[in-house]
Protein chains: 2
Amino acid sequence: MSERRTQILEAAVRVIAQDGVRGLRIEKLAAAAEVSTALIYYHFKDRAGVLHAALEHINHRAQAYTDHTDTADPRSRVEHMLLLELQDTDEVRETSIAWGELRASAVFHPDLRDPLQATTRSWNTDVETLIRQAQQTGTVHPALDAVATAERLTALVEGLSERWHSGSLTLDRARQLLTSAIELELNATP
Amino acid sequence: MSERRTQILEAAVRVIAQDGVRGLRIEKLAAAAEVSTALIYYHFKDRAGVLHAALEHINHRAQAYTDHTDTADPRSRVEHMLLLELQDTDEVRETSIAWGELRASAVFHPDLRDPLQATTRSWNTDVETLIRQAQQTGTVHPALDAVATAERLTALVEGLSERWHSGSLTLDRARQLLTSAIELELNATP
């Protein structure tokens, strides 16, 4: 991916996290990314193109920061990966707010649904893969439904994140609740 | 509550579910509710007043439809109450979309946070109360943390609902995932 393209998408995530999807206008994005509007049209065709690419970019950003873990144990990696979505750093907060906002917008803008679904599926699959590895190493019961467990845990992360960003839940409490949910899910003996 | 006031709030929920919070303009609401704009200002003072009252009204609507259950057993009532949030009826879909939209808007509009938090707390308390009753009747382990369980389950309902409305999850799958989460949570033996 070209450096300029990445620069524009980084700015797009920042603008969406600050002002919502409706705040993302090409002129504003050009100013935030310090590029010309022509370059944005060249890379993304139109505003919809920017939003679709921003969804993918959010996924790459999240994969990058949730991969930062020292442990090789798959079960611990599931825990780390999910808890890293609830962190008080600018990067995580920005990524998480932008992701929630794009998700909420897709309710009213059907053209966002396909890229949203693809990004959600990709995240679910990452968690599911780690759960299966944990099953192979014997730290998670072999009969556990890895697909459903991954779906429930990622949906819970989304629910908790939105409560955090909208001020109904402190970050600490969100992390506590997620930690106990992960334990409950991964300790299940179906 | 006056009949006219209810009529306006019903229309507000409908308009928010159709066009989002930004689509809620007083003129449009007046047309949808078939009342004068003056009556809206009389009851709610301004647009912010409408949004705050709409949040409360959503809570009443949800309480009304989630109370429809034949069973007296508290544990079954927890299950029913939560699953009734994932139903394919106009009323539930509309309430749920409007609730998600107000929640998402509160990320960018801090003045919505207090009423959102109050509504969330009220919902959590309803679920928590039923869980405590289930603990008294012996269908749920007495050492289970009713507060945390209620918070996790309602946050999961929100996460699943938003995936449903934004097209990443079918309603059937959302109900399956919620059913298994409820079972896992309420069967826990801490």
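**Two copies and their contact**

Chain A superposes on chain B by a rotation of 180 degrees with 0.0 Å of shift along its axis (RMSD 0.0 Å); the fit is by least squares on the C-alpha atoms of residues with pLDDT of at least 70 in both. This is a predicted model, where local features need pLDDT of at least 70, side-chain atom pairs count only at pLDDT 80 or more, and totals for chains, interfaces and linings use all residues. Residues are numbered from 1 along each chain as its sequence is written, while chains are lettered from A and ligands numbered from 1 in the order in which they are written.

Reader: As what are the two copies related?
Author: Happily, the rotation is 180 degrees, with a shift of 0.0 Å along its axis. The copies are therefore related as by a two-fold rotation axis.

Reader: Which element gives the largest share of the side of chain A that touches chain B?
Author: The contact takes 34 residues from chain A and 34 residues from chain B, with two residues in contact if their C-beta atoms, placed from the backbone, lie within 7 Å. Elements giving two or more residues to chain A's side include α7 (113-137) and α9 (171-186); helices are DSSP runs (H or I, at least four residues), numbered from the N terminus. The largest share, 11 residues, comes from α8(A).

Reader: Is B:Ala12 buried or exposed?
Author: Let's look at helix α1 (residues 3-19) of chain B, where B:Ala12 sits. B:Ala12 has 24 other C-beta atoms within 10 Å. A residue with 20 or more counts as buried, with 12 or fewer as exposed, and in between as partly exposed, C-beta atoms being placed from the backbone. So B:Ala12 is buried.
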